[in-house]
Amino acid sequence: MSTRRTIRIMSIVIKAMLSLFVFSVCALIIWRVFFSTKEPESIKDLYVNEELAEAYAEHGDDLVLKYQNQFSMTYSKDNAGYFGISRYVIIPQANQIQIVLRYNDKTLKHLKEDFDLDELPEKGEELLDLTLRQIIDLTPDDTTDNEDLSKLAILRHKPSKVITDTTALYTYHRIVFDGVEIDEDDVSSIMLDIYYEDAVNYEESAYGALLIYDNTAPWFEYKLTAADKKALKDFD
């Protein structure tokens, strides 16, 4: 075989390998963007309980569902990228908030390192204490004292329901909080606090905290899907 022919064959092989590599990278990117972040079936629809069903029975399609465009991922130097909210909805007429929290498999490694665990936590295991911290301004007409803790009331809400499911890369929780009343004249903010279940101390900063509501931020309408409406109508 001549040297020229050998070089030509090697060139074809190298080009084919490069093309295959580029195709593989593109396929991986497409998979991560369009498929790996797809929510599991058990998570994607509203969870309907008695409180929400009663509100829908009373208000029908006039039921108000809304949310705010808050930053959806933890970003401090100690927990950057650990936790994210893919979506959430506030339902004032039901005094309910539903949140879809997700985290990827790297967060499990961070949990092991941050809490000196002997083993890597199992994916899908109930590892987190999830609560809402509602901060109420006791002097809403005076904005100069908002840093004074004695002028603020803190209410902590525990979930009435947590649904957990996993995908190839993520763990998802749909978290339902009932009994959350929001008076936009009084409430300053609502945070989702995330603690490791074996290191819960509400007097200390949460392992992760995500803003859900700020009384100075604009609202956006949350539209019910066909599946949401069916679940609401079919609730018994």
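The following is a conversation about the pockets, cores and selected residues of a predicted model.

Biologist: What volume does the largest pocket have?
Modeller: In this predicted model, the largest pocket has a volume of about 560 Å³.

Biologist: Which residues are closest to its centre?
Modeller: Arg133, Met191, Asp193, Ala206 and Ala209 are the closest to the centre of the largest pocket, out of 26 residues that line it.

Biologist: And which strands supply at least two residues of that lining?
Modeller: Strand S4 (128-137), strand S5 (152-157), strand S8 (187-196) and strand S9 (208-214) each do so. The most comes from S9, which gives four residues.

Biologist: How does the lining of the largest pocket divide by class?
Modeller: The lining has 15 nonpolar, six polar and five charged residues.

Biologist: Turning to the second largest pocket, how much space lies in it?
Modeller: The second largest pocket holds about 180 Å³ of space.

Biologist: Which residues line the second largest pocket?
Modeller: Its lining consists of Gly60, Asp61, Leu63, Val64, Leu65, Lys66, Glu221, Tyr222, Lys223, Leu224 and Lys229. By class, this lining has five nonpolar, one polar and five charged residues.

Biologist: Now the interior. How many residues has the largest nonpolar core, and which have the most contacts inside it?
Modeller: The largest nonpolar core has 28 residues, and Phe83, Ile99, Leu101, Leu132, Leu192 and Ile212 have the most contacts inside it. Two or more residues of this core come from each of strand S2 (84-91), strand S3 (96-104), helix H4 (105-114), S4, strand S7 (170-178), S8 and S9. S8 provides the largest share, five residues.

Biologist: What lies apart from that core?
Modeller: Another core, of 14 residues, lies apart from it; Leu46, Leu65, Ile91 and Leu232 are among its residues.

Biologist: Back to Ile99: which residues is it in contact with, leaving aside neighbours within four places in sequence?
Modeller: With those neighbours left aside, Ile99 is in contact with Ile85, Arg87, Tyr88, Leu132, His173, Arg174, Ile175, Phe177, Leu192 and Ile212.

Biologist: A change of topic. Where is Gln68, and is it buried or exposed?
Modeller: Gln68 is in the loop between strand S1 (66-67) and S2. Gln68 counts as buried because its relative accessibility is 1%, and buried means under 20%.

Biologist: With which side chain does the side chain of Gln68 make a polar contact?
Modeller: The side chain of Gln68 makes a polar contact with the side chain of Gln70, at 2.7 Å. In addition, a polar atom of the Gln68 side chain lies 3.2 Å from the backbone oxygen of Ala217.

Biologist: Which residues is Gln68 in contact with beyond four places in sequence?
Modeller: Gln68 is in contact with Tyr88, Ile212, Tyr213, Asp214, Ala217, Pro218, Trp219 and Phe220.

Biologist: Last topic, the backbone. What is the phi of Asn95?
Modeller: Asn95 is not a glycine, yet it has a positive phi of about 50°. Most residues other than glycine have a negative phi. Asn95 is placed in the loop between S2 and S3, and Asn95 counts as partly exposed because its relative accessibility is 26%.

Biologist: And what is phi near in Asp116?
Modeller: Phi of Asp116 is near 50°, also a positive value in a residue other than glycine. Asp116 lies in the loop between H4 and S4.

Biologist: Why does Asp116 count as exposed?
Modeller: Asp116 counts as exposed because its relative accessibility is 66%, and exposed means over 50%.

Terms used. Residues are numbered from 1 along each chain as its sequence is written. This is a predicted model: local features need pLDDT of at least 70, side-chain atom pairs count only at pLDDT 80 or more; totals for chains, interfaces and linings use all residues. Side-chain values use heavy atoms; hydrogens and water are left out. On a 1 Å grid over the protein atoms alone, a cavity is a set of points where a 1.4 Å probe fits but cannot get out, and a pocket is an open set with protein on both sides within 12 Å along at least five of seven lines; lining residues have an atom within 4 Å of a point. Grid points are joined across faces, edges and corners, and a volume is the space filled by probe spheres set on the points. Ala, Val, Leu, Ile, Met, Phe, Trp, Tyr, Cys and Pro count as nonpolar, Asp, Glu, Lys and Arg as charged, and the others, Gly among them, as polar. A nonpolar core is a set of buried Ala, Val, Leu, Ile, Met, Phe, Trp, Tyr and Cys residues joined through side-chain atoms within 4.5 Å. Buried means under 20% relative accessible area, exposed over 50%, partly exposed in between (1.4 Å probe, protein chains only). Contact means heavy atoms within 4.5 Å. A polar contact is a pair of N or O atoms within 3.5 Å; within protein, one must be able to donate a hydrogen and the other to accept it, and residues adjacent in sequence count only if both atoms are side-chain atoms.
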